[in-house]
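Biologist: Could you take a close look at a single strand and its surroundings, and tell me how that part is placed within the chain as a whole?

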Amino acid sequence: MLTQHLAPDSTGVKTAAQILRAGGLVAFPTETVYGLGADARNSTAVAKIFATKKRPEFNPLIAHLPDQATAENCAVFSDAARALAGAFWPGPLTLVLRLRGDAAISPLVTAGRETIGLRVPDADLARALLQAFGGPVAAPSANLSGRISPTRAGHVRDGLDGRIDAVIDGGACGVGIESTIVDLTGAPRLLRPGGIATEDIEDVLGINLKVETIVDETTPTAPGQLASHYAPSAKVRMNAEAAEAGEVLLGFGPVAGATRNLSEAGDLVEAAANLFADLHALDGTGSSIAVSPIPDTGLGRAINDRLRRAAAPRDQ
Ligand code: TXA
Ligand code: MG
């Protein structure tokens, strides 16, 4: 298949919406990472996402909506859900809620569950596409399952060129790390730290979030949480004060000898935006990647979560 490279303008958005309506796959930029979109009501289209990404089918997908009103057609909103949506949508927050019986979402999206992950993204192109399409778009990150998430159209092409219908090239993603996922179907639980700081969510809810412990491969709650995920080919070593022989240093703050630096100023927001692009770049060097210590607060929690998964032992 020839992958169309669409411009970030109204013609590109219109073409992308037509491809979605016809049951095709379109990669598009959100504020977090590029998503691989399909019509969430069309099981044939959603099945293509799993096949193309080589994603295990037990791993449910997030449905993307243009606004809270359309999201409320898909799931039951509690007071807590409305409070978080009001505070952080549009934005990098995914809410896991009870699926509505009349939602018309393909069961492949939810992996057969009675819950659904919903997100209203905050990027002009994503919102334009969702509005032009006029329905829910199922979209995981636009990478092969288990690999580093894409924050540039070039990253999408590296992994998926020739296997998807189109990619809209909207440049670099502003936030650069996936959405924070909060499950509100029971006592609020953090399933994945991400682009909204956990502390900010706790402030709105007025409670401390329970953090979901890592689950195994067969009963995943948020299977993005499988231990080895976001894996570059290169080895990753965290909390490194300096590079050793055979390593390149991915710095944070004013460190000497860094091949790339997530943020020389020590800014966690800037570091999150650079994380995946820097890992993609260093992955090509053939060396192992040593990473400076990153404070475990604010977006640092999401960064350390992704680095731990990149550093986790795996079979290859
Ligand atoms: O920022 C993001 O969230 C990006 C952009 C494209 O929106 N998407 C993304 O999707 O990161 P993905 O598929 O790579 O990660 C979604 C995570 C998975 O770990 C999945 O298990 C979890 O969300 N998830 C989705 N629906 C769920 C549900 N009903 N219950 C529990 N976890 C769910
Ligand atoms: Mg992903």
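**A strand and its surroundings**

Modeller: Strand E6 and strand E7 run antiparallel and are joined by 4 bridges, and within this pairing leucine 95 stands opposite leucine 118 of E7. The model is a predicted one, and what follows should be read in that light. Strand E6 also pairs with strand E10 (residues 180-183), here in the parallel sense and again over 4 bridges, with valine 96 standing opposite aspartate 183 in E10. A further pairing, antiparallel and over 2 bridges, connects E6 with E5, where alanine 75 stands opposite leucine 99 in E6. In general, the strands of a sheet pair through backbone hydrogen bonds, which may be either parallel or antiparallel. Strand E6 itself is mostly covered, since 5 of its 7 residues are buried, that is, under 20% relative accessible area.

The pairings lead on to the packing around the strand. The largest nonpolar core counts 46 residues, and those that touch the most other members are Phe77, Leu84, Trp89, Leu93, Leu95, Leu118 and Ile201. At least two residues of this core come from each of strand E3 (34-39), helix H2 (43-53), helix H4 (79-88), strand E6 (93-99), strand E7 (115-119), H6 and helix H7 (198-205). Isoleucine 201, once its neighbours within four places in sequence are left aside, is in contact with Leu84, Phe88, Leu93, Thr180, Val182, Ile196 and Leu209. Apart from this core lies another, of 25 residues, among them Met238, Leu250, Phe252 and Leu282. As a general tendency in soluble globular proteins, nonpolar side chains are buried together.

Two of the residues named for the larger core also deserve attention as rings. The structure holds 1 aromatic pair: the ring centres of phenylalanine 77 and tryptophan 89 are 6.1 Å apart and their planes stand at 70°, so the pair is edge-to-face. Phenylalanine 77 belongs to the loop between strand E5 (75-76) and H4, while tryptophan 89 belongs to the loop between H4 and E6, so that the pair links parts of the chain 12 residues apart. Both phenylalanine 77 and tryptophan 89 are buried.

Other buried positions can be set beside these. Cysteine 74 is buried with a relative accessible area of 5%, and cysteine 173 is likewise buried, with a relative accessible area of 5%; the count of disulfides comes to 0. Threonine 151, in the loop between strand E8 (137-138) and helix H6 (153-160), counts as buried at 0% relative accessibility. Beyond residues up to four places away in sequence, threonine 151 touches Cys173 together with Thr32, Val33, Tyr34, Gly171, Ala172, Gly176, Phe276 and Ala277.

As for the chain as a whole, its secondary structure comes to 9 helices and 16 strands, and its radius of gyration of 19 Å is close to the 20 Å that the globule rule gives for 316 residues, so the chain is as compact as a globular protein of that length. Buried residues make up 55% of the 316 residues, and among contacts between residues at least 6 apart in sequence, 68% join residues at least 24 apart.

Key. Residues numbered from 1 in each chain as written. Chains lettered and ligands numbered in written order. Predicted model: local features only at pLDDT ≥ 70, side-chain atom pairs only at ≥ 80, totals over all residues. Heavy atoms only, no water. Buried < 20%, exposed > 50% of the residue type's maximum accessible area, 1.4 Å probe, protein only. Contact = heavy atoms within 4.5 Å. Disulfide = S-S within 2.5 Å. Core = buried A, V, L, I, M, F, W, Y, C linked by side-chain atoms within 4.5 Å. Phe/Tyr/Trp six-rings, centres within 6.5 Å; stacked < 30°, edge-to-face > 60°. Rg over C-alpha atoms; globule rule 2.2 N^0.38 Å. Pairing = 2+ DSSP bridges.
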